[in-house]
Amino acid sequence: MTQHRRRLTAWLLAGVVLAVVLTLYQADRTGVSEHAAAPGATEPAAPSATSSPPPSASPSPSTSGPPSPTASPPGSEPPPTTPACTSPGTCGFPDASTTGPRIELERHDTGNMSVKQDGTVIKGWDIRGSLDIYANDVTVIDSRITSTNWWGINLRPGFSGLKVLHTTITAVPGKGPDNGGVNYAVSNMGGSSIEVGWCDISVFGNALSMGQGDLHDNYVHDIVAFRNQGGEWQHTDAVISGGGNKGRLTIRRNTLLNSTAVDRGATAAVGLFADTGVVSSVVVDGNWLAGGAYALYGGGPGATGIQVTDNVFSTQYHPAAGAYGAATAWNAGGAGNVWKGNRMSDGRPVEPPPAS
């Protein structure tokens with residue numbers, strides 16, 4: 001009996017040992033299986049159909065191009081637009097902030113002064129008077145001229161090379177010859193081109209008067225109407241040319257305003273007239289034009305080589321830029337005449353006027 005119990009106990013112990021061995025073996029097999037399913041294995045386990053990334057997960061960046069634009073939700077405001085062009089300065093055209101002298105000035109009561117030395121440079125002068133140029137290659141720069149003469153600066157026949165830059169040129173209404181009518185801020189009586197650039201010009205009835213020259217980046221404004229000694233209102237123009245010129249007249253990137261009323265002599269912002277000969281070889285490009293009976297007179301029937309391009313005809317004084325329209329006296333069939341890219345300040349295209 002005792003021997004039988006010993007055998008039974010031995011078998012029980014052997015069974016326990018066998019169970020432990022089987023358990024350890026199964027655990028080892030499970031670990032091997034899990035290792036085979038880890039990332040990087042040859043055959044990864046298929047993702048669960050119901051699994052989803054955690055809420056904080058971010059999508060991987062795409063390498064196929066930029067993401068598609070997302071539509072704005074209904075009722076959202078559209079992006080802001082560029083403000084309307086309401087004045088020359090807001091559109092990048094010259095105004096008081098971009099023209100005139102850039103340095104401190106010293107007062108000079110010159111009266112009506114004649115310049116007779118070639119190569120003279122007048123810089124930093126606040127002149128009470130006018131300049132009559134009988135010399136070549138004269139430069140007036142960073143100065144101010146307040147005139148009671150017929151002109152602010154006048155180039156005499158036979159001389160050339162005049163430059164007027166970064167200068168304010170104005171006058172005193174009611175004083176001077178012809179009942180106080182001062183006609184020309186800059187006058188070119190010579191036979192060659194002159195340059196007028198970045199100047200602030202006001203009051204003069206016909207501010208820039210010449211058949212040839214390079215007029216650029218100027219601000220012409222506040223022209224003052226006046227009667228001559230005979231009591232007649234005199235014509236006013238920001239730029240005026242009488243025709244018969246031998247060289248080219250270029251009018252580019254200027255602000256040319258003529259706010260004078262039509263019944264007080266207003267003619268044009270740019271007046272190309274065949275008063276002394278045929279008008280030819282004129283470029284009117286990229287200007288802000290406003291006022292006058294018409295903002296632009298285009299030279300008349302015989303005019304040739306007139307290029308009117310990319311100008312803004314402003315409605316600031318009249319709905320049509322000038323009292324009667326944007327332009328007139330345009331010779332559409334003239335050799336070399338070009339009308340292109342002109343528009344009103346409100347965006348409407350300006351077509352060339354019909355032949356008169």
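Okay, so let's start at D285, which is buried, with a relative accessible area of 17%. Keep in mind that this is a predicted model. What does D285 pair with? It forms a salt bridge with R252, and the closest N and O atoms there are 3.0 Å apart. R252 sits in strand β16, residues 249-252, and D285 sits in strand β19, residues 280-285, so this pair ties together parts that are 33 residues apart in sequence. The arginine end is a bit more open to the outside: R252 counts as partly exposed, because its relative accessible area is 30%.

While we're around here, have a look at I251. Setting aside neighbours within four places in sequence, I251 is in contact with L215, V239, L256, V270, V282, V283, V284, N287 and also our friend D285. And I251 turns up again in the largest nonpolar core, a set of 54 residues. I251 is one of the residues with the most contacts inside that core, and the others on that list are L131, I153, I169, L256, V270 and F313.

I169 brings me to the next stop, which is I201. Among the residues that I201 touches, not counting those up to four places away in sequence, are I169, A185, A207 and L208. Y219, V220 and H221 are on that contact list too. Where is I201 found? In strand β11, residues 200-203. Buried or exposed? I201 is buried, because its relative accessible area is 0%. And if you look across to H221, 20 residues away along the chain, the C-alpha atoms of I201 and H221 are separated by 6.4 Å.

Right after H221 comes a residue with an unusual backbone angle to point out. D222 has a positive phi, about 50°, although it isn't a glycine. D222 lies in strand β14, which covers residues 219-223, and it is partly exposed, with a relative accessible area of 48%. There's another one of these: A329 has a phi near 55°, again a positive value in a residue other than glycine. A329, though, lies in a loop, the one between β24 (325-328) and β25 (338-340).

Back to salt bridges. How many are there in the whole structure? A search finds 7. Another one of them joins R102 and D142, with the closest N and O atoms 2.8 Å apart. That pair links distant parts of the chain, 40 residues apart: R102 is in the loop between α1 (2-36) and β1 (106-115), and D142 is in the loop between β4 (139-141) and β5 (144-147). The two ends sit in quite different surroundings. R102 is exposed, at a relative accessible area of 54%, whereas D142 counts as buried, at 2% relative accessibility.

Then there's R128 with D126, where the closest N and O atoms are 3.4 Å apart. R128 is partly exposed, with a relative accessible area of 33%, while D126 is buried at 13%.

Let me zoom out to finish. The protein chain has 2 helices and 26 strands. Of its 356 residues, 42% are buried. If you take the contacts with a separation of 6 or more, residues 24 or more positions apart account for 63% of them. As for the outside, the accessible surface of the chain comes to about 19,300 Å², and 55% of that belongs to carbon and sulfur atoms.

Methods:
Residues numbered from 1 in each chain as written. Predicted model: local features only at pLDDT ≥ 70, side-chain atom pairs only at ≥ 80, totals over all residues. Heavy atoms only, no water. Helix = DSSP H or I, 4+ residues; strand = E, 2+ residues; numbered from the N terminus. Buried < 20%, exposed > 50% of the residue type's maximum accessible area, 1.4 Å probe, protein only. Salt bridge = Lys/Arg side-chain N within 4 Å of Asp/Glu carboxyl O. Core = buried A, V, L, I, M, F, W, Y, C linked by side-chain atoms within 4.5 Å. Contact = heavy atoms within 4.5 Å. Areas by Shrake-Rupley, 256 points an atom, 1.4 Å probe, with all protein chains shown as cover.
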